Amino acid sequence: MRKATLAAAALLITACAVNPVTGKRQLSLVSEAQEIEMGRGEVVRAREETGFYPDSGLTAYIAGIGKRMAAASERPDLPWEFHLIDDPMVNAFAAPGGFIFITRGILAYMNSEAELAGVIGHEIGHVTAKHTVTAISRQQAGTIGIIGAAILTNDQRVADLGGAGLGVLFLKYGRDQERQSDGLGHRYSLAQGYDVREMPKTFMTLGRVSEASGDAGRIPGFLSTHPDPGDRVAATTAWADTVSDYSKLITGRDRFLAQMNGLVYGEDPRQGYFEGVRFLHQGLRLQFDMPNGWRGINQASQVIMVEPNGTAQIIMKQAAQASLNEAMAAWRQQQGVTTGAATAGNVGQGSQSAEFTASMQDGTALRGRVQFFLHGGSVYQVLGLSTSVNWSQWIGAVDATMRSFTTPPANQQYRRVRELRVVTLPSGKTVDALAGESGGAATARELALINSVDEGVMLAAGKKVKTIRWR
Ligand SMILES: [Zn+2]
C-alpha cells in the first residue's frame with residue numbers, strides 16, 4: 001500500500017535534476033527526501049524479513065569503512081547507513097537515499113578490507129549515480145506478478161523472491177549501470193588508499209562460488225542480479241593497471257580477517273531450517289511439513305512456501321494477538337477479504353481455521369484458508385492461498401501442511417551452528433588436511449572457496465587462513 005502511494009506522489013513532482021556523478025541533467029521522478037524515505041522503509045523491511053547480524057563491533061567496522069567512502073563521494077550529505085544482514089546468501093545491495101546492505105554470506109568469501117571496500121564502493125556508486133532511483137521508478141511501473149501477497153500481507157515483494165532467500169529490495173540494474181558502479185567503486189577505494197588490485201579477486205571468488213553452488217541450486221544473489229563476473233574481472237583489472245604506484249596502497253588483510261573470527265557460516269539452524277520438506281525449529285520447539293516439491297524460504301519474521309510455478313503459497317508467522325479469537329477477529333477486519341465461518345481444530349494446543357476470498361489489485365480472484373493455532377504460549381498464523389481457479393487443486397496440499405504443525409520428538413537431532421575461525425598455520429598444510437581438522441564442520445571445497453585458493457593447494461606455514469568449526 002505504502003509503495004503505491006509513493007509512486008503516485010512521485011509522478012506529481014516529475015522534474016529534471018542534475019545527476020551528481022555525471023553532472024548531466026536527467027529526468028528525476030523522485031526527490032531526495034522521497035529517496036531517503038524509501039531507503040528507510042527498506043531498512044525496516046530488511047530488519048523484519050531477514051534480520052541484522054547481532055554483532056555491533058563487526059557492523060561498526062563495516063559502517064566505518066562505508067562512511068569514510070561515502071563522505072568523500074559526490075553525495076556526502078545523505079544519511080548513509082551500512083547494515084550487516086544475517087543471511088548466508090552471497091549478496092550486497094543498495095536502497096535509495098544511502099542505505100547499504102551487506103550479507104554475512106558475502107563476507108565469508110572475502111579476504112581483505114580492500115575487497116570489502118570494493119563491494120561497498122560499488123553499492124555506494126548505485127546510490128551516488130542515482131541508479132537506485134531509476135530502478136525503483138522502473139520497478140513501480142512494471143507489473144506485479146505476485147499472487148495475493150499485495151492484498152493479504154501488504155507486501156508486494158514477499159513472494160517475488162527471484163530465486164533468493166532474501167526478502168529485501170532487489171533492484172535490477174542495466175549492464176552500463178553496473179559497469180559505472182564498478183568504476184565508482186574503484187575510484188572510491190583508491191581515494192581511501194585501498195589496493196584496487198583486490199577488486200577483481202572478489203569477482204573471481206564470486207564466480208567460483210556461483211559455479212560451486214550450481215548443484216545446490218543456489219545462485220548467489222549478488223551475481224544473479226549483476227553482470228558476468230568474467231567481464232568485471234577484466235574491467236577492474238584494467239583499471240587497477242592504470243595505477244602508477246602501488247607502494248602506499250593497503251589491502252588490510254589482517255585486520256579484515258580479525259573481524260571474521262567467529263562469524264556464523266552458512267545457514268544458522270537456530271533460526272529454523274528445512275530438511276527436505278520438513279521445517280524444524282529447535283528454539284520454538286516446532287515442526288511442520290510443506291507440500292512435496294515446493295520451495296521453502298525461511299525469513300526472520302515468517303516462513304514462506306511457494307509452489308514451483310508460483311500458483312499457490314503458504315505463509316506462516318507468529319500472530320500479534322494473544323488468543324485465537326482475537327487473531328481471527330483481526331483477520332476479519334482486513335479490507336477486501338471476505339472470510340467464512342471459523343472451524344475449531346486440534347492443531348497445536350488448539351486451532352481455528354476459515355476459508356476466505358479476496359481479489360488482487362488487478363482484479364484476479366483469490367481463494368485460501370487461514371489457520372491460527374496455539375503453540376508454546378504464542379498464536380501462529382498459517383495462510384494458504386492461490387488464484388480462485390487453482391484453489392481446488394491446492395486445497396489438499398495446504399490442508400496437509402496446516403495439520404502437520406506439531407512439537408518435534410524429544411530425541412530430535414538438530415543441525416549445529418558453524419562459524420569461521422581464523423588460524424595462523426604452524427606448518428604447511430593442504431586444504432584437505434585443514435578440512436580434516438574441522439571435525440566434519442568443513443569440506444575442502446568450502447575452505448578452498450572461502451580462502452580463495454584451489455582445492456589442491458598447499459597452504460604455507462605462517463599463513464593466516466579461515467577455517468570452519470562447530471560453535
Ligand atoms: Zn550492482
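Does Ile36 count as buried, exposed or partly exposed, and why?

**Figure 1. Overview of the predicted model.** This is a predicted model, in which local features need pLDDT of at least 70 and side-chain atom pairs count only at pLDDT 80 or more, while totals for chains, interfaces and linings use all residues. Residue numbers start from 1 along each chain as its sequence is written. The secondary structure consists of 16 helices and 21 strands. Helices (H or I, at least four residues) and strands (E, at least two) are DSSP runs, numbered from the N terminus. Of the 471 residues in the protein, 43% are buried. A residue is buried if 20 or more other C-beta atoms lie within 10 Å of its own, exposed if 12 or fewer, and partly exposed in between, with C-beta atoms placed from the backbone. Among contacts with a separation of 6 or more, 65% join residues 24 or more positions apart. Two residues are in contact if their C-beta atoms, placed from the backbone, lie within 7 Å.

**Figure 2. Close-up of Ile36 in helix H2 (residues 32-49)****.** Ile36 counts as partly exposed because it has 18 C-beta neighbours inside 10 Å. Leaving aside neighbours within four places in sequence, Ile36 is in contact with Pro79 and Gly97. Pro96 is 60 residues from Ile36 in sequence, and the two are 6.2 Å apart in space, C-alpha to C-alpha.

**Figure 3. Close-up of Val21 in the loop between strand E1 (15-18) and strand E2 (25-28)****.** Val21 has 20 C-beta neighbours inside 10 Å and therefore counts as buried. Its contacts, leaving aside neighbours within four places in sequence, are Glu74, Thr128, Ala129 and Leu184. Thr128 is 107 residues from Val21 along the chain, and their C-alpha atoms are separated by 6.4 Å.

**Figure 4. The largest nonpolar core, with 63 residues****.** A nonpolar core is a set of buried Ala, Val, Leu, Ile, Met, Phe, Trp, Tyr and Cys residues joined through C-beta atoms within 7 Å. The members that touch the most other members are Ile100, Ile102, Ile106, Tyr109, Ile120 and Leu447. Helix H5 (residues 113-128) gives the largest share of this core, seven residues. Domain 1 (2-264) and domain 3 (418-470) each supply at least three residues; the domain bounds come from an automatic or database domain assignment. Ile102 is in contact with Ile62, Leu84, Ile85, Ala92, Leu107, Val119 and Ile120, leaving aside its neighbours within four places in sequence. A second, separate core has 36 residues, including Trp331, Phe373, Val382 and Ala397.

**Figure 5. Close-up of Thr103 in strand E5 (residues 99-103)****.** Thr103 is buried, because 26 other C-beta atoms lie within 10 Å. Not counting residues up to four places away in sequence, Thr103 touches Ile85, Asp87, Met89, Val90, Asn91 and Ala92. The C-alpha atoms of Thr103 and Thr50 are separated by 9.9 Å, with their positions 53 residues apart along the chain.

**Figure 6. Packing of H5 against helix H9 (residues 198-212)****.** Two packed helices are described by the angle between their axes and the distance between the axes. H5 and H9 pack at an angle of about 80 degrees, and their axes are 8 Å apart. H5 is therefore roughly perpendicular to H9. Axes are lines fitted to C-alpha atoms, for helices over the stretch in contact, and angles run from 0 to 180 degrees between N-to-C directions. Angles under 35 degrees count as roughly parallel, over 145 as roughly antiparallel, 65 to 115 as roughly perpendicular and the rest as oblique. Ala114, Glu115, Gly118 and Val119 in H5 meet Glu198, Met199, Lys201 and Thr202 in H9. The residues of this contact divide into three nonpolar, two polar and three charged. Ala, Val, Leu, Ile, Met, Phe, Trp, Tyr, Cys and Pro count as nonpolar, Asp, Glu, Lys and Arg as charged, and the others, Gly among them, as polar.

**Figure 7. Close-ups of Lys130** **and Ser452****.** Lys130 lies in the loop between H5 and helix H6 (131-141). Its phi is near 60 degrees, a positive value in a residue other than glycine. Lys130 counts as buried because it has 24 C-beta neighbours inside 10 Å. Ser452 lies in the loop between helix H16 (444-450) and strand E20 (458-459). Phi of Ser452 is near 55 degrees, a positive value in a residue other than glycine. With 18 C-beta neighbours inside 10 Å, Ser452 counts as partly exposed.
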